[in-house]
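Reader: I would like to go through this protein with you before I plan anything at the bench. Could you take my questions one by one?

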Amino acid sequence: MAAPVEPKAAGGAALDQIAIATGGAVVLTAALLLGGWAHRTGRTQVLAKAAAFFERAAPTRGLPGWVGLPTYAAMVSLITALLGMYWDISLHISQGRDEGPLANIAHYPILIGLFGIFASGVLAMVLPLGREKPGPAAVRITKDWYAPVGGVLLAGAGFYALLGFPLDDAWHRVFGQDVTLWGPTHLMLIGGAGLSLVALAVLDREGRLARQGSTGQTAGRQFLYRGMMMGGFLIGLSVFQAEWDFGVPQFRMVHQPYLIAAAAACALVVARLWVGRYGALFAVGFYLLVRGGVAVVVGPALGELFATVPFYLGEAVIIELLAVVLARRVLAFGVVSGVLVGTVGYAVQYAWSQVAFPLPWTPDMLGEGLFSALLGGVAGGIAGALLVLGLRGRLPRPAVSRSLLATSLVLVAVVVGNALVYTVPQGANAQVTLGPVRDGMAESLSVRMDPPSTVDDPTWFTLTAWQGGDLHVDRLVPAGDGSWRTTEPVPVSGDWKTLLRVHEGRSMGGVEIYLPADPALNASLVPADPSFTRPVVPEHEILQRELKPGVPVSLFTVGSIVVLGLSLALVLSLAWGVGRTARCGPDPVRGVEGEDADRQVAQA
């Protein structure tokens, strides 16, 4: 008999933790606003001195302090939040739900990082003094206060991400804890952080416009500064893949190719055309350094799970080679880059998945996976090309720009909508036999599916055990007699949640092997008997055991639409900001864009 499981709270956080978190947020926000007010009224010189220091510090040397200080603060905040996010995901995979937002140590770097992004935007808004107008695109706040558009967008992205925390608690109270990275409110945390890099790029352009191009910044410093920014952008767009990085995706495998292609095409097109020659390669190098470093810190250093790092070097090489012949035709370059990333890049990632991914891609994905990667790549390429043109001050006329942005969003909607459609094997059962159990571990497990066609050519067929203090993913192998078997001992006791997962084409399902009793959920023990037959059910019912039953679908639909509306508002706000600064015209001095920048970098 399994040992009793100590109950953990389910649903929303305890009221005392909500009060503490709310009080902390109020205090920090008040301190931030008070500091900004003191700076603007001349009661303190601390921010002015800090801004002056970063105006002289490489690689932002020569740009206004209202660009340099917020940029450094935002980059540090983003890395802090990234560390917290992967740490938090690892903890939830290995330990399950926590006792509340303040009971999980990984939440602290997330909160600090996201608040730092918001604070960076506020700093950019308050630093310009008097009637100083930070560039021709500046937004008028009061009679004598103008704020850079990039600062407004940066604060907005940070606020959007922070808003995910209270909304997440409300979501848990209504629907239960959706233990998946792709919970709607979880995506707000990730999306706000990742898209803040667009705001930083806009802020950089405003700084150059304000200085009339006379920044004194060398091509080498500009390359380094922008390259790190685009490497961060690639990181931000890649966090959406984290469930696949750890090996516990709760959605169809076909999502992964388009996520990789869209991230690569969007970020690396901007890196090559805005940073300069070799910019895509540098961005990938920065991505590997930071994203790989976080994986090492969370994994070996902190003793948690290691997250595989998707490898974008192939896509970077493709984009660098294409630029030799097509760099001057930005929109065509974006589209063709997307096509190549979604085809040739897909083939490279397919090979990489065989040696690096916890769940390698299979022939079952060749058709639909290629289709998804192609659409994702083109969508990302178009978005990246529009961003490049906006940062160069050369956007097409509004009707064309809006049509292209709409096309990119529609492509994303099509590929996401298609990938979200799945079925559950009807009438399928698993006949399971366990080997001897010692110390809570079954030495082996064999399974025969009925009907056998359930696993003709599976995308994955795994024995997954999680939330028992670690993660166990074992890809089953054919036993030669129509049955399948595990390759390692299987956890079947304690806090472990162990299930059989089968995914083939559009079909996804799970079979309960062992689940502990959970009093907080009124869930009974599902024992791992020596032999049993159990049906294949929708696997989210097992993986997301904490979801409340009986909640109307209409309520979930309304909640999802609200989050979608907030997300579209952020995307359209960023598009507005890029367009507003683009209307100010090209950068005043040659040598900061396109092939001119390439020549300067080569000379440097």
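Reader: In which loop is the place of Pro451?

Author: This is a predicted model, in which local features need pLDDT of at least 70, side-chain atom pairs count only at pLDDT 80 or more, and totals for chains, interfaces and linings use all residues. Residues are numbered from 1 along each chain as its sequence is written, and side-chain values use heavy atoms, with hydrogens and water left out. Helices (H or I, at least four residues) and strands (E, at least two) are DSSP runs numbered from the N terminus. On that numbering, Pro451 sits in the loop between strand S6 (445–450) and strand S7 (460–466).

Reader: Is the peptide bond from Asp450 to Pro451 cis or trans?

Author: As a background rule, most peptide bonds are trans. For the bond that leads from Asp450 to Pro451, omega is near 5°, and the bond is cis.

Reader: Where is Tyr278 found, and what is its phi?

Author: Most residues other than glycine have a negative phi. Tyr278, which is found in the loop between helix H9 (255–275) and helix H10 (279–301), is not a glycine and yet has a positive phi of about 70°.

Reader: Why does Asp439 count as buried or exposed?

Author: Asp439 has its place in the loop between strand S4 (437–438) and strand S5 (441–442), and its phi, near 55°, is positive although the residue is not glycine. For accessibility, buried means under 20% relative accessible area, exposed over 50%, and partly exposed in between, with a 1.4 Å probe and protein chains only. Because its relative accessibility is 80%, Asp439 counts as exposed.

Reader: What radius of gyration does the protein chain have, and what would a compact globule have?

Author: The protein chain has 17 helices and 14 strands, and its C-alpha trace spans about 75 × 55 × 45 Å along the principal axes. The radius of gyration is taken over C-alpha atoms, and the globule rule is 2.2 Å times the number of residues to the power 0.38. For 604 residues, a compact globule would come out near 25 Å, and the protein chain agrees with that, at 25 Å.

Reader: What percentage of the contacts in the protein chain between residues at least 6 apart in sequence join residues at least 24 apart?

Author: Buried residues make up 56% of the 604 residues in the protein chain. A contact means heavy atoms within 4.5 Å. Among contacts between residues at least 6 apart in sequence, the share that joins residues at least 24 apart is 74%.

Reader: How many aromatic pairs does the structure hold, and which kind do Phe54 and Tyr72 form?

Author: Rings of Phe, Tyr and Trp (its six-membered ring) pair if their centres lie within 6.5 Å, and planes under 30 degrees apart count as stacked, over 60 as edge-to-face and the rest as tilted. The structure holds 17 aromatic pairs. Phe54 lies in helix H2 (residues 46–56) and Tyr72 in helix H3 (residues 65–95), so their pair ties together parts that are 18 residues apart in sequence. The rings of Phe54 and Tyr72 are 4.8 Å apart, centre to centre, with 40° between the planes, and the pair is tilted.

Reader: Why are Phe461 and Trp484 called stacked, tilted or edge-to-face?

Author: The ring centres of Phe461 and Trp484 are 5.1 Å apart and the planes stand at 85°, so the pair is edge-to-face. This pair links distant parts of the chain, with Phe461 in strand S7 and Trp484 in strand S10 (residues 484–485), 23 residues apart. Phe461 and Trp484 are each buried, and the name asked for is edge-to-face.

Reader: Which residues does Val490 touch, not counting residues up to four places away in sequence?

Author: Val490 lies in strand S11 (residues 490–491) and is buried, with a relative accessible area of 0%. In space, Val490 and Gly435 are 9.4 Å apart, C-alpha to C-alpha, although 55 residues separate them in sequence. Without its sequence neighbours up to four places away, Val490 touches Gly440, Met441, Ala442, Leu445, Leu463 and Thr498.

Reader: With which residues is Ser90 in contact, leaving aside its neighbours within four places in sequence?

Author: Ser90 lies in helix H3 and, at 0% relative accessibility, counts as buried. Its contacts, apart from neighbours within four places in sequence, are Phe246, Val298, Glu304 and Leu305.
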